[in-house]
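User: I am new to this structure and would like to learn how to read its strands and its empty spaces. Could you take me through them step by step?

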Amino acid sequence: LRERDAFVRLAVPWAELHAAGAGGPFSSVEWLTAWAESGLGGAVEPRIALAWRDGMLVAAAPLGVRDAPVSAAAPRLRWRTLTMLAPERVGFHDWLAAPGHEDAVGHLLGALAVRRDWSLADLHPLRASPAAEALAAAATEAGFDARRRNDLRATIVDLSDGVESWLARRDRQCRKNLRTAARRVAGANGRVEVARGSEPGDADVLERVLDLSARCWKARAGTDIGADAATRRFMRRLWSLAGPRGRMRLQLLSVDGRPAASVVSLLDDTTDYGLIKDFDEDFAALTPGWFMIGAAVEDDVGLGLRRLNGLRKTPFLDNFADGEEPLLRLRLLPRRGVARLVAAGEEGLRRFGAEARRRRRIEGRRAAHKDGAAS
């Protein structure tokens, strides 16, 4: 299907497949509908691939075709590229397949290849799943040069045994920082509002969260959720769809009536996906990031959730993590042609750069060791 409004017509079968295939929040009908209706994505041409058996949707992939550079080193060399449909703000993507129907993923790829109006595919970040493995295997069988690597990792916080056990696994400095942040916020008369889409005033909480994001440092970097009109439309529509179903939560810290920090989370039956974390730099002395992580953990455990997925591995989130999950990048290249040569050259340069950085780190440690021994 090539229409943005396809998810409205597909809502029921897509939701059934999404549940059967254990899809994440970023492949849900709520997320994709909000993306389609908000005008995000620019000139992308939807390619929504569907596999049906006996009237049941058994596999699906929300894809799109766009002009994109095959290499960051050569941004003017652009090819028509098959990508995931809605990459804006996403934590990870899914190819969906009902259990026992993973072979249908190969049929989807085959149909896309037969009707191909794209030169290469660049699919990322993909969450590890049976459907993703079936996709990688089918790509090789279909004659593509399938290149996969783990570009990113997501931090995982284990809350299955409660807050106290989670705290006991943290180091002393982490526990101290959490206590200090809680004390500072309490001393400043900070107040946390939690909105789940069920109360009349919850929409106002969202507007204040968006305003806060437009003022924070992310606005200068262009990664906020409040300064761009299309992103605001997306967040409002997502809230209207996911909030009343208990699939989205807003936490807003205010100090003397001024929004100071916020966390926007997507929820399923077991997991908090920490989507957006913002804070006003005027309140940096309160260490609001530490405080909001503690508040999120407390609320998650109260809701009976068993995990917090930070979506990205960062030095800050590593303080709270019990593990991590890999996120896959899968590139499907033609066996011959300019696009393959450029992509292969980029891969070689990337490996060379990674090896050079590794050698510099080793040499730096050796030099530091020699200096220490000499002193």
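**Strands and spaces**

Analyst: Let us start with one pairing in this predicted model: Val65 has Leu82 as its bridge partner in strand E3. Seven bridges join E2 to E3, which covers residues 78-84, and these two strands run antiparallel.

User: Which residue of strand E1 has its bridge partner at Val65 in E2?

Analyst: That residue is Glu45, whose bridge partner in E2 is Val65, while Val65 is also paired with Leu82 in E3. Strand E1, residues 45-53, is joined to E2 by nine bridges, and the two run antiparallel.

User: How many residues lie between E1 and E2 in their hairpin?

Analyst: Two residues lie between them, and one detail of the turn to look for is Asp54, which has a positive phi of about 50°. E2 also pairs with strand E4, residues 96-97, through two bridges in an antiparallel arrangement, and there Ala60 has Leu96 as its bridge partner.

User: Why is E2 described as largely enclosed by the rest of the structure?

Analyst: To judge this, one asks how many residues of a strand are buried, meaning under 20% relative accessible area. In strand E2, residues 56-69, 11 of the 14 residues are buried, so the strand is largely enclosed by the rest of the structure.

User: Now to the empty spaces: how many cavities of 30 Å³ or more are there?

Analyst: The general idea is that rolling a probe the size of a water molecule over the atoms shows where empty space is left. Here the count is three cavities of 30 Å³ or more, and the largest of them has a volume of about 60 Å³. Its lining includes Thr155, Val157, Ile293 and Phe320, and strand E6 (145-158) and helix H11 (288-303) each supply at least two of the lining residues. By class, the lining of the largest cavity has six nonpolar, two polar and no charged residues.

User: What is the volume of the largest pocket, and which element gives the most to its lining?

Analyst: The largest pocket holds about 650 Å³ of space, and of the 29 residues that line it, the closest to its centre are Lys218, Leu275, Ile276, Lys277 and Asp278. Strand E10 gives the most to this lining, with six residues, and the lining as a whole divides into 16 nonpolar, seven polar and six charged residues.

User: Which element gives the most to the lining of the second largest pocket?

Analyst: Helix H2 gives the most, with four residues, in a pocket whose volume is about 430 Å³.

Key:
Residues are numbered from 1 along each chain as its sequence is written. This is a predicted model: local features need pLDDT of at least 70, side-chain atom pairs count only at pLDDT 80 or more; totals for chains, interfaces and linings use all residues. Side-chain values use heavy atoms; hydrogens and water are left out. Buried means under 20% relative accessible area, exposed over 50%, partly exposed in between (1.4 Å probe, protein chains only). Two strands pair if DSSP finds at least two bridges between them. On a 1 Å grid over the protein atoms alone, a cavity is a set of points where a 1.4 Å probe fits but cannot get out, and a pocket is an open set with protein on both sides within 12 Å along at least five of seven lines; lining residues have an atom within 4 Å of a point. Grid points are joined across faces, edges and corners, and a volume is the space filled by probe spheres set on the points. Ala, Val, Leu, Ile, Met, Phe, Trp, Tyr, Cys and Pro count as nonpolar, Asp, Glu, Lys and Arg as charged, and the others, Gly among them, as polar.
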